[in-house]
Amino acid sequence: MSETLTLSAEVRERAGKGASRAIRRQGRVPAVIYGNNEAPEGIHLEERELMKALMTGHFMNSVVMINGTRTLPKDVQFHPVTDRPLHVDFLRIGEHSTVTVEVPVRFENEEASPGLKRGGVLNIVRHELSLVCDAAEIPDEIVIDLKGFDVGDSIHLSHVTLPQGSKSAITDRDFTIATIVAPSGLKSSEGDNETPAEGEGA
């Protein structure tokens, strides 16, 4: 299960772009906590502490305790040039609230896939799965076994064993998570590999 992260925050006295810029100049990041039928609360976080949490790789599917309030990160805005975090939205949740999270997918047993052994390529369609689960039981990752999959095979949601208590947020179709495609050399027809005639191409 995802670990619980802890961040300390201070209440933001003033809102607005000017106040946010002033906060960022102090090495802090403006944020808001909302939801759970309570009024939104403006806060600011230490940028270094936030960056450390972001670098865990599972920030967006971790419960984050902020000054004793249980939250789930919902959105992080980054500066388009520097990639510094500009603003964070947190959703208040109860200990056993039902939450929707994006959980990363990890593939294993590549050596047991006939298609990959023959030189096929794993084409990942979805790097994350949208899951509905208990806030106290958020999975770190979803592991998909590639054993037995051959070139041309598709891996659908129905092939995946989800952790107990988790279900897909998408329920109307058995969507594709990955496919095993032939390497370009195999799927190209002979004509595709011909040398360009004189005057063609560069």
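Two strands are taken to pair if DSSP finds at least two bridges between them. With that in hand, a good place to start in this predicted model is an open sheet of four strands, whose order is E11-E8-E10-E13 and whose pairing is mixed. Its edges are formed by strand E11 (142-145) and strand E13 (167-168), each of which pairs on one side only. Strand E8 (residues 98-108) runs parallel to E11, and four bridges join the two. One residue to look for here is Val105, whose bridge partner in E11 is Ile142. In general, strands of a sheet pair through backbone hydrogen bonds, in either a parallel or an antiparallel manner.

The edge strand E13 also holds Ser168. With a relative accessibility of 8%, Ser168 falls under the 20% limit and therefore counts as buried. Beyond its neighbours within four places in sequence, Ser168 is in contact with Ser130, Leu131, Leu157, Leu162 and Phe175. For Leu157, the C-alpha to C-alpha distance to Ser168 is 8.4 Å, at a separation of eleven residues in sequence. The side chain of Ser168 also reaches the backbone oxygen of Ile170, at 2.9 Å. Phe175, one of the contacts of Ser168, has a further partner: Arg126 lies over the face of its ring, 4.2 Å from the ring centre.

Turning to aromatic rings, a search of the whole structure gives one pair. The rings belong to Phe59 and Phe90; their centres are 6.3 Å apart and their planes meet at 80 degrees, which is over the 60 degrees required, so the arrangement is edge-to-face. Phe59 sits in the loop between helix H2 (47-54) and strand E5 (64-66), whereas Phe90 belongs to strand E7 (residues 85-92), so the pair ties together parts that are 31 residues apart in sequence. Both partners are buried: Phe59 has a relative accessible area of 3%, and Phe90 has one of 0%.

Helix H1 (residues 17-25) offers a friendly example of two-sidedness, with Ala19, Ser20 and Ile23 buried. These three residues cover an arc of only 100 degrees around the axis, so they lie on the same side of H1. As a general rule, an α-helix has 3.6 residues a turn, so residues three or four places apart point the same way. Lys17 and Arg25, on the other side of H1, are exposed. The packing partners of the buried residues of H1 are strand E3 (28-35) and strand E4 (38-46). Just after the helix, Gly27 adopts a positive phi of about 80 degrees.

Technical notes. Residues are numbered from 1 along each chain as its sequence is written. This is a predicted model: local features need pLDDT of at least 70, side-chain atom pairs count only at pLDDT 80 or more; totals for chains, interfaces and linings use all residues. Side-chain values use heavy atoms; hydrogens and water are left out. Rings of Phe, Tyr and Trp (its six-membered ring) pair if their centres lie within 6.5 Å; planes under 30 degrees apart count as stacked, over 60 as edge-to-face and the rest as tilted. Buried means under 20% relative accessible area, exposed over 50%, partly exposed in between (1.4 Å probe, protein chains only). A charge sits over a ring if NZ of Lys or CZ of Arg is within 6 Å of the ring centre and within 35 degrees of the ring normal. The arc is that of the directions from the helix axis to the C-beta atoms. Contact means heavy atoms within 4.5 Å. A polar contact is a pair of N or O atoms within 3.5 Å; within protein, one must be able to donate a hydrogen and the other to accept it, and residues adjacent in sequence count only if both atoms are side-chain atoms.
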